[in-house]
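Biologist: I am new to this structure and would like to go through it with you. Could you show it to me?

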Amino acid sequence: MSRMPASSHYSGIISRYQSRLPVAAGARIVSLAEGNTPLIRLEHLPELAGGGAEIYVKYEGLNPTGSFKDRGMTLAVTQAVTSGSRAIMCASTGNTSASAAAYAARAGIIAFVIIPEGKIAMGKLAQAMMHGGVVIQIAGDFDDGMRMVKEIATTAPVAIVNSINPYRLQGQKTAAFEIVEALGRAPDCHCLPVGNAGNISAHWIGYSEYAGAATSLYSLMGNVSRYAMSPPVTSARPKMLGYQASGAAPFLRGGMVDRPETVATAIRIGHPQSWDLARAASRESGGWFGEFTDAEILATQKLLAEKEGIFCEPASAVSVAGAMRDIRSGRIAAGSVVVCTLTGHGLKDPDTAMAQSTAPVIKVPAEPEAVKRVILSRM
Ligand code: AN7
């Protein structure tokens, strides 16, 4: 019998980064082999932005449930199971509920997910239902749901798996580790969509750990583990650039927004829970926030799909819109290496994609001549 080579089977962010994550030795790890997502160098959009910088996208839509939430959910559900919880709960604009339902299924526990009425993308709802989550739709928005979840969890025996759960951010910081490893350095700028503001905070923690640099986010989070890298993996940290939809842009308004509205339903959030963390990350990194209209967000989503072959959901596209605008204006310095997080897959929201696909499907008889006429007319 031939000898097998040592197994290199990838089994998720906890097994890959266990020494830098708060997971007890011997814990039962609940994982779907999340993480290890591709960092793709854009070939056409940098040119359209004036050619001043390199742009990479971290395609988090290729996680097991199609969004970055899986990185945090593997930690949060592993911790919930370790501490004896038999149920988890979250409020969600969609992706958290899909991820929570999947990881709960994997763990054999119940997921209660609270979603806003009528404002959740079809793919996400299908996932939550398919995985057996208990879907509770409220006549309100995400912020109403979040308020209720926090209240209910004080008395009900369920673990909150929203990003106010510090294990979520610990898992999500691993995306920054992967980016530094892939580039062999930290990028100059990192662009993210901002909703509840957990992910931008988590990335700043990850970059800070890999740079062996201090950050105030630990003290803001209270009682959480700190992981100092010694020696540092990289000498620098990126500017953290956060982008929002104009109808849901509390970081641009300087305060909470009631009744947020945007086509990018994932980030239809007016009361971000990680407000202090994200503000600190922005300030410490020398970054900034920006906003885009729904029309601009959709145009960028289409541009990525048509010019680069990459399909992300509307909320994700705001990061690339931000990078392109700030490169063009020179606010992002010439020669910069820029990473944009594409937080969710385009297939999450087929309705919005179809609605903005203006080219009609061409209907012809089932005859070669008819098909050929179409081909010749298009070349
Ligand atoms: C695709 O699922 O809040 O700033 O409940 O799904 O860390 O909140 C989703 C957020 C960006 C914003 N892109 O990240 C939820 C939820 C996508 C998202 C965000 C979300 P945060």
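Modeller: What follows is a short conversation about the sheet, the aromatic rings and the cysteines.

Modeller: This is a predicted model, in which local features need pLDDT of at least 70 and side-chain atom pairs count only at pLDDT 80 or more, while totals for chains, interfaces and linings use all residues. Residues are numbered from 1 along each chain as its sequence is written, and side-chain values use heavy atoms, with hydrogens and water left out.

Biologist: In what order do the strands of the open sheet run?

Modeller: The order is β1-β2-β10-β7-β8-β9, with mixed pairing among these 6 strands. Strands here are DSSP runs (E, at least two residues) and helices are runs of H or I with at least four residues, numbered from the N terminus; two strands pair if DSSP finds at least two bridges between them.

Biologist: Which are the edge strands?

Modeller: They are β1 (39-41) and β9 (288-292), each of which pairs on one side only. β1 pairs with β2 (residues 54-59) in the antiparallel sense over 3 bridges, and Ile40 has Val57 as its bridge partner in β2.

Biologist: Turning to the rings, how many aromatic pairs are there?

Modeller: The structure holds 5. Rings of Phe, Tyr and Trp (its six-membered ring) pair if their centres lie within 6.5 Å; planes under 30 degrees apart count as stacked, over 60 as edge-to-face and the rest as tilted. Phe177 and Tyr210 are stacked, because their ring centres are 4.2 Å apart and their planes are at 10 degrees. Phe177 is in helix α8 and Tyr210 in helix α9 (residues 198-210), 33 residues apart.

Biologist: Are Phe177 and Tyr210 buried or exposed?

Modeller: Both are buried, meaning under 20% relative accessible area, whereas exposed is over 50% and partly exposed is in between (1.4 Å probe, protein chains only).

Biologist: Which ring does Arg331 lie over?

Modeller: Arg331 lies over the face of Trp288, at 4.2 Å from the ring centre. The criterion is NZ of Lys or CZ of Arg within 6 Å of the ring centre and within 35 degrees of the ring normal. Arg331 is partly exposed, with a relative accessible area of 49%, and is placed in the loop between α14 (314-328) and β10 (337-342).

Biologist: Finally, why is Cys191 not bonded to Cys340?

Modeller: The sulfur of Cys191 is 4.3 Å from that of Cys340, its closest cysteine sulfur, which is too far for a bond. A disulfide is a pair of cysteine sulfur atoms within 2.5 Å, and the count by this rule is 0. Cys191 is buried at a relative accessible area of 0%, and Cys340 is also buried, at 0%.
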